[in-house]
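Subject: Structure handover

Hello,

Here is the structure I promised to pass on. Please open it first, then read my notes below.

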2 protein chains.
Amino acid sequence: MTERLIQSIERAADILELFLAYDQELSVKDISSKLGLSKSTVHGIIKTLEYRGYLQQNKDDLKYKLGLKLFELGNRVSHQFDLGKIARPIIKKLVDELQETVHLVVFERGEVIYIEKLDGPRALRIYSQVGKRAPIHCTGVGKAILAFQEGEEINRLLSNTNLEPYTEYTMTNKEELINHLHFIREQGYSIDDEEIELGLKCVAAPIFDHHQHVIGAISCAAPKVRMDDVKLAEFIPRIQQAAESISQSMGYKTNPTLL
Amino acid sequence: MTERLIQSIERAADILELFLAYDQELSVKDISSKLGLSKSTVHGIIKTLEYRGYLQQNKDDLKYKLGLKLFELGNRVSHQFDLGKIARPIIKKLVDELQETVHLVVFERGEVIYIEKLDGPRALRIYSQVGKRAPIHCTGVGKAILAFQEGEEINRLLSNTNLEPYTEYTMTNKEELINHLHFIREQGYSIDDEEIELGLKCVAAPIFDHHQHVIGAISCAAPKVRMDDVKLAEFIPRIQQAAESISQSMGYKTNPTLL
DNA sequence: GAACGATGTTCGATAATGCCGAACGATGGA
DNA sequence: TCCATCGTTCGGCATTATCGAACATCGTTC
């Protein structure tokens, strides 16, 4: 596949995505030095993006930040997601039943992104945030998605990742992780036991589309102290059932030959 | 101001924004005919946008839709908005008090966009949607923002608008509207009485920043039947108070010489 | 208050590259 | 099987995005 990509659009994308990495206002100088482009080039791109509402300039310090047009577009994306629409009532019911925080993520192009988060009644401060990426190797949802990839996809995805240790319990050995993924695939759900954040435990199950491909996952997250074996035994079938019911709404048909 | 904008970025923006206008999947053909560009040009731009995650192709019908990268970026924008963060608890309190739906909008570059919406306990199906634009001439928030513009700004903004009638009560006469705006400015709040949707009544008040410029507005929306004069008299000071308290959090200082 | 530094903005020349038209490929329907 | 439709590739040309340098603007220092 010999792509012929358009340079200036890529540069515009580079600039926009710089704001994802830094999460602060950036000056022309900042951007040009970080990307290794001349000030005037960056200036031209930025002014175009500003003109179209993709960036906005702070009139006090002349620095730039992401603009409202992206808010508008981003919001439209979430409405496009049938998955979100279908899953919302099911997730709501799950939160009511389990009294804990539930997440919905989608998987696309090797990335796992939180698209819905419904807090349980009890407070829980955790990493996850709608719109942010989830690591694939140390979250319940990431591992659930990874485990159900077809063929060499697991290896491909893991070769692009460097198994960053978030806590002392994060699996950083590739062999070990792959074995663990096979186990997850057999049992049909995944557990994250303080692998991304100390004191946090999650149970997750994969969601499939009508092609039997994994398109996302849901998880229930709670402090480890509230997640004992009894609770776990109670939560697991609920989450699997919810995931299955979402999958069926996406057109997924249970295939007896697969398992 | 002799802008030197970058064509291919503008074209990319044109394509992305086409999805705002049509809200459906679009094919290469659709896009090229709607924009008057050759198929190959559109193809190049689209593939670049897809490569970067700004569009995604439906593998079944080869059509495109907005991609997850925009979701990620758009979500980051909303977090950038101090206004949203500051206003949320105040809005929540307002909904509790009034038991009706409250909106928060921002004003930027002539556009009014809903950035927060908190439903009251009683159901209410209305036009507004987070991320969508609000018309300026026939919504409470739009008129509140318009009324407090400086100098010739009102005329400039209205000259770009064609006062589209949404209902039989929408003001479509420019002179009449401008008089009405002066009145709103004097009384400090605006009312929308079935001007955008039959049966819907809103009260709105403007939000100012530390430069005394209007940066947004909040409104309370309810079915007209629930919004009688008694309720109105009760709601107006609450909404004005909430708006003022948000303004003060934004650094706004009440200026006695202004009123 | 003048000189300086740092950064944003403008401008002209040039080489790169994005654009179009035409051809090719793939798919589905008649 | 042929045809129609649409997505994709390719080569040549003219457009235009890029860079460096100059200019503007702001804040700071002495």
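Start with the two protein chains. In this predicted model, 57 residues of chain A are in contact with 57 residues of chain B. Together the two chains bury about 5500 Å², with 60% of that on carbon and sulfur atoms. On the chain A side, the residues that lose the most area to chain B are A:L68, A:F71 and A:R76, together 14% of what that side buries.

Charges also meet here. There are 12 salt bridges between chain A and chain B. One of them joins the side chains of A:R52 and B:E10, at 2.6 Å from N to O. The two chains also have 15 residue pairs in polar contact, both residues at pLDDT 80 or more. Several elements of chain A touch chain B, among them α1 (7-22), α3 (39-51) and β3 (101-108). The largest share comes from α4(A), with 13 residues. By class, that side of chain A has 24 nonpolar, 15 polar and 18 charged residues.

Now the DNA. Strand C has 23 residues around it, and A:Q7, A:S27, B:R4, B:S40 and B:T41 come nearest. Of the strand C atoms within 4 Å of the protein, 61% belong to sugar or phosphate.

Which element gives the most residues to the surface near strand C? It is α3(A), with 4. That surface divides into 6 nonpolar, 11 polar and 6 charged residues.

Three phosphate contacts are worth a look. A backbone N or O atom of A:V28 lies 3.2 Å from a phosphate oxygen of strand C. For A:K29, a polar backbone atom is 3.0 Å from a phosphate oxygen. B:R11 uses a polar side-chain atom, 3.2 Å from a phosphate oxygen.

Best wishes

Notes. Residues are numbered from 1 along each chain as its sequence is written. Chains are lettered from A and ligands numbered from 1 in the order in which they are written. This is a predicted model: local features need pLDDT of at least 70, side-chain atom pairs count only at pLDDT 80 or more; totals for chains, interfaces and linings use all residues. Side-chain values use heavy atoms; hydrogens and water are left out. Contact means heavy atoms within 4.5 Å. Buried area is the accessible area (1.4 Å probe) that two parts lose on being put together, summed over both. A salt bridge is a side-chain nitrogen of Lys or Arg within 4 Å of a carboxyl oxygen of Asp or Glu. A polar contact is a pair of N or O atoms within 3.5 Å; within protein, one must be able to donate a hydrogen and the other to accept it, and residues adjacent in sequence count only if both atoms are side-chain atoms. Helices (H or I, at least four residues) and strands (E, at least two) are DSSP runs, numbered from the N terminus. Ala, Val, Leu, Ile, Met, Phe, Trp, Tyr, Cys and Pro count as nonpolar, Asp, Glu, Lys and Arg as charged, and the others, Gly among them, as polar. A residue is near a molecule or strand if one of its heavy atoms lies within 4 Å of it.
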